[in-house]
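Student: Could you take me through one part of this model in detail? I'd like a close look at the places where its pieces touch.

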There are 2 protein chains.
Amino acid sequence: MQERTEISTLGEFGLIDHLTKNNETKNSSTIVSVGDDAAVIDHYGRQTVVTTDLLVEGIHFDLMYTPLKHLGYKSVIVNISDIYAMNATPTQIVISIAISNKFSVEALDEFYEGVYAACNRYNVDLVGGDTTTSQKGFIISVTAIGEVAPDKYVKRDGAKVNDLVCVSGDLGGAFLGLTILEREKKIFEETGAQPDLENQAYIVGRLLKPEARKDVIEYFAEHNIVPTSMMDISDGLSSEMLHICKQSNVGCVLYEDKLPLNEDSKEFAYKLELDPTACALSGGEDYELLFTINQADHEKIDKNNGFSIIGYITEAANGKTFITRGGNKHPLIAQGWNPLK
Amino acid sequence: MQERTEISTLGEFGLIDHLTKNNETKNSSTIVSVGDDAAVIDHYGRQTVVTTDLLVEGIHFDLMYTPLKHLGYKSVIVNISDIYAMNATPTQIVISIAISNKFSVEALDEFYEGVYAACNRYNVDLVGGDTTTSQKGFIISVTAIGEVAPDKYVKRDGAKVNDLVCVSGDLGGAFLGLTILEREKKIFEETGAQPDLENQAYIVGRLLKPEARKDVIEYFAEHNIVPTSMMDISDGLSSEMLHICKQSNVGCVLYEDKLPLNEDSKEFAYKLELDPTACALSGGEDYELLFTINQADHEKIDKNNGFSIIGYITEAANGKTFITRGGNKHPLIAQGWNPLK
C-alpha cells in the first residue's frame, strides 16, 4: 500500500521545510531564497521581468488524468514560457498552493518533484511561496521572474508592416491531447474501460508535459535576431495573433498551408473528424512562440527547421486575413479558450 | 437596486481592460506594465525583493463581514508588509484572482478600488496578473516586488546576543477584531440581530484595514539604523520571535510589561474575559514589525514613541524566555495561527 502522511502532522512550517529541503539555488542572481519574508534578487544591471498565472483544479486541469508530477512541471512551464515570450531568461519562481485535506504529503512530494524537475531543466531557482488550505480542490499560483539586457525585451506592440509572422514548433497538439483525454475519461466513467493512449504519446505529451521554448530565445541571441513583437501561444494562434495586431495597430495575412502541424496531430484530428487547421488556429496550450521579424532577418529564420513563416504584417486598414489552401480569404477570428465564459 | 453586470459579458480580456483602465504607473522602475506576457522592471543597480501570498475565501477571510474594498486593500498590504520586513521598498505588484459566477463586475470593481487605494497610498504599481474562474469562493494571489540598496536588506538570521528586541505599534488588536466579528456573525446567524460594532472601530479596523509600516522603514533610513534581523508579525509575536531565534541561532528574553497594547484592545479583551497578554503574544495579522537592533542604536529607537523595546537576545543555550509582570519565567511558545491544522 502507498504511504500516506497527513499534512497536518507537519504543520505549515514543517511542510515548507520538507518540500524545500533539497532546494538548491543555481543562479548568482538569487541572493536570498526560501525562508524569509521575501526573496532578494540581484540582476546586476539587467532588467527584471515578472509574470504570474493561477491554475485551478476543475478549471485548468483535471486530476483524473493529470499526474501530479506533470502538473508541477507544467505549472512552472506555463509561467517561464511568458518570460521567454519577452525575449528574457527566467531566473526565479515563487509558487503558492492551496490544498484540501484529500492531499497527502506524498501527493505534494510528487507535485514538487515536477516543479523541481522543471526548475532544474530551465535553470530556475524556487525562491519562495505560500502554502495554505483550500475549501475545494487544488489551486496553484506561480510567479516567474526573469532577466533581460536593458531594452532587449520584446513586447506585443512592435510589429511593423511587411514584417514576417513566424511560429516555433507545431500547433494544435495540446488541444488534440486534451480531446482524447476527455474522450477516454468519458468512456471510463460510462463503461469502466481503461483508456488506450498507446499511440497518442505525442499529443498527450503536448498537453500534459509541455516545454517552454528556451532554445528559441537562445537561437535569437546567437543569430542576433530581435523579433519586433512576440508572445507565447497559450490561448490559440488566432487569438494571440489578434492581440499582436491590436497592440501593434497593424493587420496581417496568414496562410493555411503554412501552418505547422505534426503528423500525429493531423492523423488523430482526421480520426476524430476534426479540422486540423481549426485545431492549429484555436487550440491553446502549445506554448510555442508567435513572433514577427523584419524581412532582413528572413534567412536567419528560414534556415532553421524549427520555425515556420506563416504570413506577414499589413496596414491595419487591410484587416486580419486568413487565406485557405484553396485561396479563399476569411477574416481571422479568435475562438480560443476563455476561462470566464 | 444595485447594478449587476455579469462578468461573462466582458470576457477575460474585456474584464482586464475594464479593471485596469485607470491604472497609471508611478515608479520609474516600471518599464512595461499590464498587457504583455510579462512586466519589465528596472531597479537601476538596486536589488529586487519578491514575496507572495495566497488568500482563500473561507480560510483567510469571510465575505460576510469583510467589505470587498477592504479585502482588496488588505490583499496588497499583507504582501508589501513582507517587503518592508526586508527593509526594502515595494514598487510593483501582480495580482491574480479566481472567482465563481456569484461575483459581478461591480463586486470586482469594489475589490479593485481597494487594491488601487493601497497601491496609491504606498506608491506601488500594479503591473500584471491573471483572472480566472474558481470552483468555489474567491481566491486571491498577490506577488509583491520591491527594491533595496545592495546588501541593505534585513533577514531573520542576523540577531546577535545582547541585541534589543523591538516591535512597532501595538499588538493583539486584529485578533480581537476577528473575535468580535466572529461573535457578532454568530449572533446574527442565530437571532438576526444586526451587529453593534460602534465602539470597536479600532480593533475592527486593525483586522479589516491593516496598514503596512512604511514609516518604520523610512525612520530607519533617516536615522541610519539597519536592524540586525526583522520580520512582520502576521502569525503572532511569539511565533515570529521563535523564527528569528531559530534562524539566528540565539535565545531571547521578553517582558510581559513591555508588550505594547492599545487601550481599546485591553478594554475589549477584559470584556470578553480574554488575557490581553495572550492576545498580544499569539494574535496574528497586526502587520507590525518585529526587529532586533544593536544596543548602540538604543537611543535612536527609544526616542520614538511608535516603538517598544520588549526584550533582548541571549545565547541560544539560555532558551526563549517570557517574564511575566509578577516576575515568573515561562518558556516562550508559539500558539499562532496555522492554516494547515
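**Where the pieces meet**

Tutor: Sure, and keep in mind that this is a predicted model. Let's begin between the chains: 58 residues of chain A are in contact with 59 residues of chain B. If you want one element of chain A to look at there, pick strand 3 (residues 47–56), which gives nine residues, the largest share of the side that touches chain B. Sorted by class, that side of chain A holds 26 nonpolar, 20 polar and 12 charged residues.

Now zoom in on some strand pairing across the two chains. Strand 2 (residues 39–41) of chain A runs antiparallel to strand 3 (residues 47–56) of chain B, and the two pair over three bridges. For a spot to click on, try A:Ile41, which stands opposite B:Thr48 in strand 3 of chain B.

Next, stay inside chain A, which is divided into domain 1 (11–148) and domain 2 (164–331). The C-alpha centres of these two domains of chain A are 26 Å apart, and their contact takes 16 residues from domain 1 and 20 residues from domain 2. On the domain 1 side, helix 2 (residues 68–84) of chain A supplies the largest share, with nine residues. As for the make-up of that side of domain 1, you'll find nine nonpolar, five polar and two charged residues touching domain 2.

So for a quick tour of chain A, colour two elements: strand 3 for the side that touches chain B, and helix 2 for the side of domain 1 that touches domain 2.

Key. Residues are numbered from 1 along each chain as its sequence is written. Chains are lettered from A and ligands numbered from 1 in the order in which they are written. This is a predicted model: local features need pLDDT of at least 70, side-chain atom pairs count only at pLDDT 80 or more; totals for chains, interfaces and linings use all residues. Domain bounds come from an automatic or database domain assignment. Two residues are in contact if their C-beta atoms, placed from the backbone, lie within 7 Å. Helices (H or I, at least four residues) and strands (E, at least two) are DSSP runs, numbered from the N terminus. Ala, Val, Leu, Ile, Met, Phe, Trp, Tyr, Cys and Pro count as nonpolar, Asp, Glu, Lys and Arg as charged, and the others, Gly among them, as polar. Two strands pair if DSSP finds at least two bridges between them.
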